[in-house]
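I opened a new notebook page today and went through one model from the outside in. Here is what I looked up, in the order I looked.

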Amino acid sequence: MPGDNETDPADSRTPAEISLLLELIRRPSITPDDSGCQELLAERLRNIGFECESMVFGDVTNLWARKGKESPVLCFAGHTDVVPPGNLAEWRSDPFEPQSRDGNIYGRGSADMKSSLAATIVALERFLNQYPEHAGSLALLITSDEEGPARDGTLKVINTLQARNEHIDWCVLGEPSSSETLGDIIRVGRRGSLSGMLTVKGIQGHVAYPQLADNPIARFAPALAELLETEWDSGNDSFPPTSFQVVDIQSGVGAPNVTPAELKARFNFRYSTVWEHAGLREKTEALLDRHRLNYDLQWHLSGKPFLTEPGQLIDATVQAVREVTGVDPELSTGGGTSDGRFISPAGSEVVEFGPVNASIHKVNEHVRADDVVVLSRVYERIMQLLLTD
Ligand SMILES: [Zn+2]
């Protein structure tokens with residue numbers, strides 16, 4: 001178990017992965033501010049032969065780094081940005097001054113996902129030292145806008161790469177996929193996310209004269225009940241059933257004797273590959289029409305579902321996890337959206353594998369120090385399995 005003094009990067013007993021992780025946590029890279037994290041990574045990558053390209057879009061900094069011109073391209077992807085720390089009083093130590101306690105490293109971004117970045121860099125250093133003549137190419141795609149709007153991050157880098165015919169064959173995204181112990185879950189896809197912003201229009205009136213008004217709350221209630229009761233699908237081999245959730249309803253003018261003119265509702269679908277998003281939109285609108293609502297509905301598609309079919313990348317990742325951690329991983333498509341939604345449509349196989357996610361986005365975020373070292377071994381083993389004989 002690492003002791004408290006083991007968080008000193010200058011201490012020769014500190015594993016290289018941990019030293020780099022501590023340096024990254026000290027940079028308060030709240031979205032979209034990269035705070036120099038990518039330059040720190042690029043410096044290490046240039047030392048081992050990578051060509052590093054900073055791609056800046058708006059206030060977002062992205063890093064594309066590549067070593068080699070050959071196919072296949074194995075890319076490690078991730079983000080340097082972190083979510084804000086939240087209530088500082090609830091942190092036992094400064095979120096941007098990493099601390100080691102009970103074998104854990106505490107700090108914002110320790111699990112999501114600076115430990116994966118540190119593990120990747122050190123894995124690359126070891127791998128290239130051992131296999132300078134490996135097959136194919138290695139690459140890194142790092143953004144500072146994963147936790148934010150994600151408009152100027154991975155999506156724009158992928159578009160840029162596509163425009164110059166640069167293709168990623170295999171992508172390992174270091175998102176914290178593990179649930180209870182490192183290695184228990186590998187993500188092989190994600191559900192789609194489709195949001196609706198609905199305005200139901202009525203006629204405002206005196207509560208005592210309902211016949212002269214048209215109450216949008218009364219009109220919407222049965223439609224909402226039906227939306228909530230609808231079984232959209234029963235899922236498929238790779239995805240759980242599609243879920244519809246209402247997240248907000250607003251109406252009312254604030255007086256007890258007035259029925260409102262308008263109701264605004266927000267809802268969200270997390271949907272499987274059973275659906276195209278257009279189909280969900282049509283079915284929803286048909287339901288609202290059946291209830292004879294006068295409405296306006298704006299849609300926002302934040303990510304289509306994606307699924308990586310069984311193949312070399314999944315095989316290599318499963319084997320590496322089994323060998324290095326001794327854990328038999330479950331292949332899952334659960335959780336929220338990730339930047340995999342931008343990488344997969346370009347024709348890349350994508351898996352997500354990283355540390356335990358129990359504390360991500362919370363106060364006192366932490367990662368087990370030993371897990372960071374083991375994670376680095378898993379990444380190194382994936383490189384060996386895919387790029388050496
Ligand atoms: Zn993340």
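The entries below go from the whole chain to its strands, its cores and its metal site.

**Entry 1: the whole chain**

I began by reminding myself that this is a predicted model. I counted nine helices and 19 strands in the protein chain. The C-alpha trace spans about 80 × 45 × 40 Å along its principal axes. Of the 389 residues, 52% count as buried. For the surface, I noted about 17,000 Å² exposed by the protein chain, with carbon and sulfur atoms supplying 47% of it. I also looked at contacts between residues at least 6 apart in sequence, and 79% of these join residues at least 24 apart.

**Entry 2: around strand S2**

Next I followed S2, residues 60-67, where seven of the eight residues are buried. Which strands does S2 pair with? I found S1 (residues 51-57), antiparallel to S2 over seven bridges, and S6 (residues 137-143), also antiparallel, joined to S2 by six bridges. S1 and S2 make a hairpin with two residues between them. In that turn I noted Gly58, which has a positive phi of about 60 degrees.

Trp64 was a handy marker here. In S2, Trp64 is the bridge partner of Glu53, and Trp64 also stands opposite Leu141 in S6.

**Entry 3: the cores**

I then turned to the largest nonpolar core, which has 53 residues. Which of its members touch the most others? They are Leu45, Phe50, Leu74, Leu138, Leu140 and Tyr379. I picked Phe50 for a closer look and set aside its neighbours within four places in sequence. Phe50 is in contact with Leu45, Leu138 and Leu140, among others. Its list also includes Ala65, Arg66 and Lys67, as well as Leu124 and Leu128.

There is a second, separate core of 21 residues, and Val200, Leu263, Leu293 and Leu297 are among them.

**Entry 4: the four-stranded sheet**

Leu297 led me to an open sheet of four strands, in the order S12-S14-S10-S15, with antiparallel pairing. S12 (243-251) and S15 (295-303) are the edge strands; each has a single partner strand, so one side of each lacks a neighbour in the sheet. The twist from one strand to the next averages 15 degrees.

I checked one pair in detail: S10 (residues 192-201) and S15 are antiparallel over eight bridges. Leu198 has Leu297 in S15 as its bridge partner.

Which helices lie across these strands? H5 (residues 216-229) lies across S10, S12 and S14 (262-271), and runs at about 170 degrees to S12. H6 (residues 277-290) lies across S10, S14 and S15, at about 160 degrees to S15.

**Entry 5: the zinc ion**

I kept the metal for last. Which protein atoms are donors of the zinc ion? I listed His79 (NE2), Asp112 (OD) and Glu175 (OE), lying 1.9 to 2.2 Å from the ion. The spacing of the donor residues in sequence is H-x32-D-x62-E. His79 lies in S3 (residues 73-79) and Asp112 in H3 (residues 110-130), so this pair ties together parts that are 33 residues apart in sequence. Are His79 and Asp112 buried or exposed? I found both of them buried.

Key. Residues are numbered from 1 along each chain as its sequence is written. This is a predicted model: local features need pLDDT of at least 70, side-chain atom pairs count only at pLDDT 80 or more; totals for chains, interfaces and linings use all residues. Side-chain values use heavy atoms; hydrogens and water are left out. A nonpolar core is a set of buried Ala, Val, Leu, Ile, Met, Phe, Trp, Tyr and Cys residues joined through side-chain atoms within 4.5 Å. Buried means under 20% relative accessible area, exposed over 50%, partly exposed in between (1.4 Å probe, protein chains only). Contact means heavy atoms within 4.5 Å. Two strands pair if DSSP finds at least two bridges between them. Axes are lines fitted to C-alpha atoms, for helices over the stretch in contact, and angles run from 0 to 180 degrees between N-to-C directions. Donors are N, O and S atoms within 2.8 Å of the metal (3.2 Å for Na, K and Ca); water is not among the atoms, so sites may look incomplete. Accessible areas come from the Shrake-Rupley method with a 1.4 Å probe; for residues, only the protein chains shown count as cover.
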